[in-house]
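Here is a short report for a reader meeting this protein for the first time. Please look over the sequence and the model, then read on.

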Amino acid sequence: MLRRSALMPSCSSWPIRRILLAAPVLLGAACFGLRGHSVQSPADVGARENTSRAEPVDLLQACRQMADWLTRQLRTDGSVVVHAPYVIGGDLAIEELTRRYQESIDPAGRAIIGEYLHAPPSRPTVILLARGEASYRRFADRLFGIGPESDFGFYRPHVRMLLVNTARGESGLVHELTHALLTADLPSVPEWFNEGLASLHEDSRLQDGVLVGQDNWRLPILQEAIRSDRFLSLESLVRPGGFRSRPIWLSYAQARYFCMFMQQRGVLRDCCRLLRGATSEDPSGMAAISQAFGGEDLDRIDAEFRRWALRRGTDATPPRKADADAEAR
Ligand SMILES: [Zn+2]
């Protein structure tokens, strides 16, 4: 059973024949991660080349190519294993990387794909696991040319890579994995749904093939905001730009618990399907929410959500505001 304990961010198909022909030059160029520059990975190249022609993908071969590239990036700093569609690396032993795949990545990935996606990824997803703070920051600098904006992990869709600081617990891995799988299949997903679903999965258990969200430390934040009348409307959360226009820790709490509310009402999967069908006419997802609830008015859904949230009980203690900001990702 998956049980997350704690706190707490695409591409198209890859023309493998062209990559194989170009590999010596491309992989050579990809081996240098300079500060302030994005590292060019095989995924970058594939995404650009695919704009001119589409060819069948040999996923395993593509993963092996990516593993070669990642091995060069890590130098003597870790191990890499391939479990297509995942290329998993980090400063952990191969046995430990394999254990993470078997116990977390594979079951969580299967649940997310089965419940929300059209199909498994057709291109490699790189999962980089750092043992602690030092290697987390070293990998962020070497592979992404940045200092990490979160202490827990992050995902970069343009290179289909996620980096997780495993010293901060397991929840970051399934959070970022949700982003990787969801945005690969549904690139235009609204931010409130992307972060709400990823945050829901931070604390979840696997039940009948579905990751079912459990209460966590974000509930007291939401309840306190509702009781003190600092709670902003559901519409203000989901409208374009709304997620980042207010205290971010409140947006995460509200989006997570609204996804849990939909899951308990049995409409979360439907909402995802409806978001997929109408993102050009309904980029915020407001119409999708209403349709998922059988045409209900958004204000009435919001009022029912608040009553439901206030009835929930938890022993969780809300973190200090600074910690809550740091855990938003
Ligand atoms: Zn996130």
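Two residues are in contact if their C-beta atoms, placed from the backbone, lie within 7 Å. With that rule, L274 touches A288, Q291 and A292, leaving aside residues up to four places away in sequence.

**Ground rules**

Residues are numbered from 1 along each chain, as its sequence is written. This is a predicted model: local features need pLDDT of at least 70, side-chain atom pairs count only at pLDDT 80 or more, and totals for chains, interfaces and linings use all residues.

**Overview and confidence**

Helices (H or I, at least four residues) and strands (E, at least two) are DSSP runs, numbered from the N terminus. The protein has 14 helices and seven strands. A residue is buried if 20 or more other C-beta atoms lie within 10 Å of its own, exposed if 12 or fewer, and partly exposed in between; the C-beta atoms are placed from the backbone. Of the 329 residues, 45% count as buried.

The term pLDDT is the predictor's confidence in each residue, from 0 to 100. Its average over the protein is 81, and 77% of the residues score at least 70. Confidence is lowest in helix 1 (residues 16–30), with a mean of 26, and highest in strand 7, at 98. Over residues 1–40 the pLDDT is below 50; this stretch has 105 contacts in the model beyond near neighbours in sequence. Residues 43–56 are also below 50, with 26 such contacts.

**The five-stranded sheet**

Two strands pair if DSSP finds at least two bridges between them. Five strands form an open sheet in the order 1-2-3-5-4, with mixed pairing. Its edges are strand 1 (79–83) and strand 4 (153–156), each of which pairs on one side only. From one strand to the next, the twist averages 15°.

Helix 3 (residues 59–74) packs on this sheet and touches strand 1, strand 2 and strand 3 (125–130). The direction of helix 3 makes about 170° with that of strand 1. For such angles, axes are lines fitted to C-alpha atoms, for helices over the stretch in contact, and the values run from 0 to 180 degrees between N-to-C directions.

Strand 1 pairs with strand 2 (residues 86–90) in the antiparallel sense, over five bridges. Within this pair, V81 stands opposite I88. The loop between the two strands holds P85. A cis peptide bond joins A84 and P85, with omega at about 10°.

At the other edge, strand 4 pairs with strand 5 (residues 161–165), again antiparallel, over four bridges. Y155 has L162 in strand 5 as its bridge partner. In a regular strand the side chains alternate between the two faces of the sheet. Which residues cover the two faces of strand 4? G153 and Y155 lie on one side and F154 and R156 on the other, and all are buried.

**Positive phi angles**

Most residues other than glycine have a negative phi, and most peptide bonds are trans. R75 has a positive phi, and so does D208. R160 takes one too, in the hairpin of strand 4 and strand 5, which has four residues between the strands. Here are two of these residues.

| Residue | Phi | Loop | C-beta neighbours inside 10 Å |
|---|---|---|---|
| R75 | about 55° | between helix 3 and strand 1 | 9, exposed |
| D208 | near 50° | between strand 6 (204–207) and strand 7 (210–213) | 6, exposed |

**Helix against helix**

Helix 8 (residues 218–227) and helix 10 (residues 248–265) pack at about 105°, with axes 9 Å apart. Angles under 35 degrees count as roughly parallel, over 145 as roughly antiparallel, 65 to 115 as roughly perpendicular and the rest as oblique. The two helices are therefore roughly perpendicular to each other. From helix 8, R218, L219, I221, L222 and A225 take part; they meet W249, L250, Y252, A253, Q254, R256 and Y257 of helix 10. By class, this contact has nine nonpolar, one polar and two charged residues. Ala, Val, Leu, Ile, Met, Phe, Trp, Tyr, Cys and Pro count as nonpolar, Asp, Glu, Lys and Arg as charged, and the others, Gly among them, as polar.

**Back to L274**

L274 sits in helix 11 (residues 268–277). Is L274 exposed, partly exposed or buried? L274 is partly exposed, because 19 other C-beta atoms lie within 10 Å. A287, in helix 12 (residues 286–292), is 13 residues from L274 in sequence and 8.6 Å away, C-alpha to C-alpha. A287 has 15 C-beta neighbours inside 10 Å, so A287 is partly exposed. S290 is 16 residues from L274 along the chain, with 10.0 Å between their C-alpha atoms.
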